[in-house]
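Me: I would like to go through the salt bridges and the sheet of this model. Please keep the replies short.

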Amino acid sequence: APAQIADEASKPLFDEDEGTTFVFFERSSSKPPPGKGSGETIKNKNIMKCQELKEITDWRKMLSTRFPTPISIDGLSWLTVDHYVHANKIKTSDPAAYKRLSLDSKSAASNDPSKIDDVLTEKIRPVDDDYDRSALLTKAFQKRVDQHELSRLALALTKRAKLKQYRYGKPAEVMNELMGVRNKITK
(Lines give C-alpha, C1' and ligand atoms only; values in the text may rest on other atoms or scores of the structure.)
Protein backbone atom coordinates (compact mmCIF):
# COMPACT_ATOMS: atom_id res chain seq x y z
CA ALA A 1 0.00 0.00 0.00
CA PRO A 2 1.33 3.47 -0.77
CA ALA A 3 2.30 5.65 2.17
CA GLN A 4 -0.03 8.49 3.02
CA ILE A 5 0.65 11.80 1.34
CA ALA A 6 0.66 14.88 3.57
CA ASP A 7 -0.41 17.09 0.65
CA GLU A 8 -0.03 17.18 -3.13
CA ALA A 9 3.29 19.02 -3.07
CA SER A 10 5.08 16.94 -0.44
CA LYS A 11 6.81 13.61 -0.27
CA PRO A 12 5.17 10.65 1.48
CA LEU A 13 5.25 10.81 5.26
CA PHE A 14 7.32 7.63 5.49
CA ASP A 15 9.00 5.15 3.16
CA GLU A 16 6.86 2.02 3.05
CA ASP A 17 9.60 0.13 1.18
CA GLU A 18 12.16 0.84 3.90
CA GLY A 19 10.15 -1.37 6.23
CA THR A 20 11.20 0.55 9.35
CA THR A 21 8.69 1.34 12.08
CA PHE A 22 9.53 2.93 15.42
CA VAL A 23 7.09 2.72 18.35
CA PHE A 24 7.39 5.05 21.31
CA PHE A 25 5.64 6.38 24.40
CA GLU A 26 6.56 8.43 27.44
CA ARG A 27 8.09 5.46 29.27
CA SER A 28 9.83 3.72 26.35
CA SER A 29 12.98 1.82 27.17
CA SER A 30 16.19 3.19 25.71
CA LYS A 31 17.84 -0.25 25.75
CA PRO A 32 16.59 -1.89 22.54
CA PRO A 33 18.42 -0.70 19.43
CA PRO A 34 16.40 1.23 16.83
CA GLY A 35 13.94 -1.10 15.12
CA LYS A 36 14.19 -3.75 17.85
CA GLY A 37 11.85 -2.23 20.45
CA SER A 38 8.39 -3.60 21.17
CA GLY A 39 6.25 -3.42 18.02
CA GLU A 40 9.11 -2.09 15.89
CA THR A 41 10.39 -3.39 12.58
CA ILE A 42 13.58 -2.83 10.60
CA LYS A 43 15.18 -4.61 7.69
CA ASN A 44 18.77 -5.73 8.25
CA LYS A 45 19.98 -3.54 5.40
CA ASN A 46 18.63 -0.44 7.25
CA ILE A 47 20.09 -1.07 10.71
CA MET A 48 23.22 0.98 10.01
CA LYS A 49 21.15 3.95 8.79
CA CYS A 50 19.66 4.33 12.27
CA GLN A 51 22.76 3.81 14.42
CA GLU A 52 23.06 7.49 15.35
CA LEU A 53 19.72 7.28 17.19
CA LYS A 54 21.35 4.99 19.77
CA GLU A 55 23.61 7.91 20.77
CA ILE A 56 20.59 9.94 21.97
CA THR A 57 19.46 8.79 25.40
CA ASP A 58 15.69 8.33 25.50
CA TRP A 59 15.16 9.17 21.81
CA ARG A 60 11.93 7.14 21.82
CA LYS A 61 10.57 9.11 24.79
CA MET A 62 11.49 12.36 23.03
CA LEU A 63 9.10 11.52 20.20
CA SER A 64 6.18 11.07 22.61
CA THR A 65 3.46 13.68 23.04
CA ARG A 66 4.03 13.41 26.80
CA PHE A 67 7.78 13.98 26.83
CA PRO A 68 8.55 17.00 29.06
CA THR A 69 10.09 19.58 26.73
CA PRO A 70 8.59 22.96 27.63
CA ILE A 71 7.33 24.80 24.57
CA SER A 72 6.03 28.33 24.16
CA ILE A 73 2.90 28.61 22.03
CA ASP A 74 0.13 31.21 21.89
CA GLY A 75 1.74 33.32 24.61
CA LEU A 76 1.92 30.53 27.19
CA SER A 77 4.38 27.77 28.12
CA TRP A 78 3.41 24.10 28.05
CA LEU A 79 5.31 21.17 29.58
CA THR A 80 4.32 18.71 26.84
CA VAL A 81 2.65 18.53 23.45
CA ASP A 82 -0.26 16.78 25.20
CA HIS A 83 -0.74 19.68 27.63
CA TYR A 84 -1.13 22.10 24.73
CA VAL A 85 -3.31 19.87 22.56
CA HIS A 86 -5.67 18.84 25.37
CA ALA A 87 -5.93 22.36 26.80
CA ASN A 88 -7.17 23.53 23.43
CA LYS A 89 -10.23 21.30 23.79
CA ILE A 90 -11.52 23.83 26.33
CA LYS A 91 -9.79 27.06 25.34
CA THR A 92 -13.09 28.81 24.58
CA SER A 93 -15.50 26.90 26.82
CA ASP A 94 -13.31 27.22 29.95
CA PRO A 95 -10.41 29.66 29.53
CA ALA A 96 -9.40 29.35 33.19
CA ALA A 97 -9.01 25.57 32.95
CA TYR A 98 -7.16 26.03 29.64
CA LYS A 99 -4.65 28.32 31.34
CA ARG A 100 -4.39 25.96 34.34
CA LEU A 101 -2.76 23.38 32.04
CA SER A 102 -0.02 25.85 31.07
CA LEU A 103 3.24 26.04 33.01
CA ASP A 104 2.53 29.73 33.64
CA SER A 105 -0.22 28.69 36.08
CA LYS A 106 2.21 26.67 38.23
CA SER A 107 -0.65 24.23 38.90
CA ALA A 108 -0.02 20.56 39.72
CA ALA A 109 -1.61 19.56 36.41
CA SER A 110 0.67 21.87 34.43
CA ASN A 111 3.71 19.89 35.63
CA ASP A 112 2.31 16.35 35.37
CA PRO A 113 0.92 14.81 32.16
CA SER A 114 -1.00 12.23 34.20
CA LYS A 115 -3.09 15.05 35.72
CA ILE A 116 -4.29 16.54 32.40
CA ASP A 117 -7.47 14.47 32.49
CA ASP A 118 -8.23 15.67 36.04
CA VAL A 119 -8.59 19.22 34.72
CA LEU A 120 -10.52 18.16 31.63
CA THR A 121 -13.03 16.06 33.58
CA GLU A 122 -13.52 18.16 36.70
CA LYS A 123 -16.77 19.46 35.24
CA ILE A 124 -18.85 18.72 32.17
CA ARG A 125 -17.95 21.07 29.35
CA PRO A 126 -18.19 20.66 25.61
CA VAL A 127 -15.11 20.33 23.43
CA ASP A 128 -14.68 23.60 21.56
CA ASP A 129 -16.22 23.59 18.08
CA ASP A 130 -12.97 24.71 16.47
CA TYR A 131 -10.85 21.99 18.13
CA ASP A 132 -8.65 20.40 15.45
CA ARG A 133 -6.39 17.80 17.06
CA SER A 134 -4.32 17.19 13.93
CA ALA A 135 -3.58 20.89 13.37
CA LEU A 136 -2.73 21.37 17.06
CA LEU A 137 -0.40 18.35 17.10
CA THR A 138 1.38 19.66 14.01
CA LYS A 139 1.76 23.11 15.56
CA ALA A 140 3.04 21.74 18.88
CA PHE A 141 5.48 19.27 17.29
CA GLN A 142 6.82 22.03 15.05
CA LYS A 143 7.32 24.35 18.04
CA ARG A 144 9.05 21.55 19.94
CA VAL A 145 11.61 20.91 17.19
CA ASP A 146 12.07 24.66 16.68
CA GLN A 147 12.70 25.25 20.40
CA HIS A 148 14.61 22.07 21.34
CA GLU A 149 17.62 21.07 19.25
CA LEU A 150 17.88 17.56 20.71
CA SER A 151 14.20 16.85 19.94
CA ARG A 152 14.83 18.10 16.40
CA LEU A 153 17.87 15.84 16.01
CA ALA A 154 16.09 12.75 17.39
CA LEU A 155 13.20 13.28 14.98
CA ALA A 156 15.50 13.87 12.00
CA LEU A 157 17.48 10.70 12.78
CA THR A 158 14.35 8.57 12.45
CA LYS A 159 14.97 9.11 8.71
CA ARG A 160 11.97 7.82 6.73
CA ALA A 161 10.63 5.37 9.35
CA LYS A 162 6.95 5.05 10.11
CA LEU A 163 6.38 6.58 13.57
CA LYS A 164 3.75 5.18 15.92
CA GLN A 165 2.86 6.15 19.48
CA TYR A 166 1.89 3.34 21.83
CA ARG A 167 -1.43 3.79 23.62
CA TYR A 168 -2.56 1.70 26.58
CA GLY A 169 -5.22 -0.85 25.59
CA LYS A 170 -5.48 0.49 22.03
CA PRO A 171 -3.58 0.01 18.78
CA ALA A 172 -0.49 2.19 18.41
CA GLU A 173 -1.37 5.48 16.69
CA VAL A 174 0.41 6.36 13.46
CA MET A 175 1.75 9.86 14.08
CA ASN A 176 1.19 11.52 10.70
CA GLU A 177 1.61 14.99 12.20
CA LEU A 178 5.03 14.15 13.64
CA MET A 179 6.16 12.61 10.35
CA GLY A 180 4.88 15.71 8.52
CA VAL A 181 7.03 17.92 10.76
CA ARG A 182 9.96 15.59 10.12
CA ASN A 183 9.49 16.06 6.36
CA LYS A 184 9.72 19.84 6.85
CA ILE A 185 12.95 19.69 8.85
CA THR A 186 14.72 17.10 6.68
CA LYS A 187 14.20 18.65 3.24
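The questions below take the charged pairs, then the strands.

Me: Is this model predicted or experimental, and how many salt bridges does a search of the whole structure find?
Reply: The model is predicted. Side chains of opposite charge can pair when their charged atoms come close. Across the whole structure, the number of salt bridges found is 13.

Me: Which residue meets Asp 74 in a salt bridge, and how many residues apart are the two?
Reply: The partner of Asp 74 is Lys 139, at 2.8 Å from N to O. The pair links distant parts of the chain: Asp 74 lies in the loop between strand 2 (71–73) and strand 3 (76–78), while Lys 139 belongs to helix 5 (residues 133–147). The separation between Asp 74 and Lys 139 is 65 residues.

Me: Is Lys 139 buried, exposed or partly exposed?
Reply: Buried needs a relative accessible area under 20%, and exposed needs over 50%. Asp 74 has 39%, so Asp 74 falls in between. Lys 139 has 34% relative accessibility, so Lys 139 is partly exposed.

Me: In the salt bridge of Arg 125 with Glu 122, which residue is buried?
Reply: The closest N and O atoms of this pair are 3.5 Å apart. Glu 122 has a relative accessible area of 45%, so Glu 122 is partly exposed. Arg 125 has 12%, under the 20% cut-off. The buried residue is Arg 125.

Me: Where does the salt-bridge partner of Glu 173 lie?
Reply: Glu 173 and Arg 133 meet through their side chains, at 2.8 Å from N to O. The two are 40 residues apart, with Glu 173 in strand 5 (residues 170–174). Glu 173 is buried at 14%, whereas Arg 133 is partly exposed at 34%. Arg 133 lies in helix 5.

Me: Which residues are joined into one network by salt bridges that share partners?
Reply: The Arg 125 and Glu 122 pair forms a salt bridge. Shared partners put both residues into one network. Its members are Asp 94, Arg 100, Glu 122, Lys 123 and Arg 125.

Me: What is the strand order of the open sheet of three strands, and which strands stand at the edges?
Reply: The order is 1-4-5, with mixed pairing. Strand 1 (21–24) has a single partner strand, and so does strand 5, so one side of each is left without a neighbour in the sheet. The edge strands are strand 1 and strand 5.

Me: Do strand 1 and strand 4 run parallel or antiparallel?
Reply: Four bridges join these two strands. One bridge pairs Phe 22 with Leu 163 in strand 4. Strand 1 and strand 4 run parallel.

Me: In which sense do strand 4 and strand 5 pair, and which residue in the turn has a positive phi?
Reply: Strand 4 (residues 162–167) and strand 5 are antiparallel, over three bridges. Arg 167 has Lys 170 as its bridge partner, and Lys 164 stands opposite Val 174. The two strands form a hairpin with two residues between them. The turn residue with a positive phi, about 70°, is Gly 169.

Terms used:
Residues numbered from 1 in each chain as written. Predicted model: local features only at pLDDT ≥ 70, side-chain atom pairs only at ≥ 80, totals over all residues. Heavy atoms only, no water. Salt bridge = Lys/Arg side-chain N within 4 Å of Asp/Glu carboxyl O. Buried < 20%, exposed > 50% of the residue type's maximum accessible area, 1.4 Å probe, protein only. Pairing = 2+ DSSP bridges.
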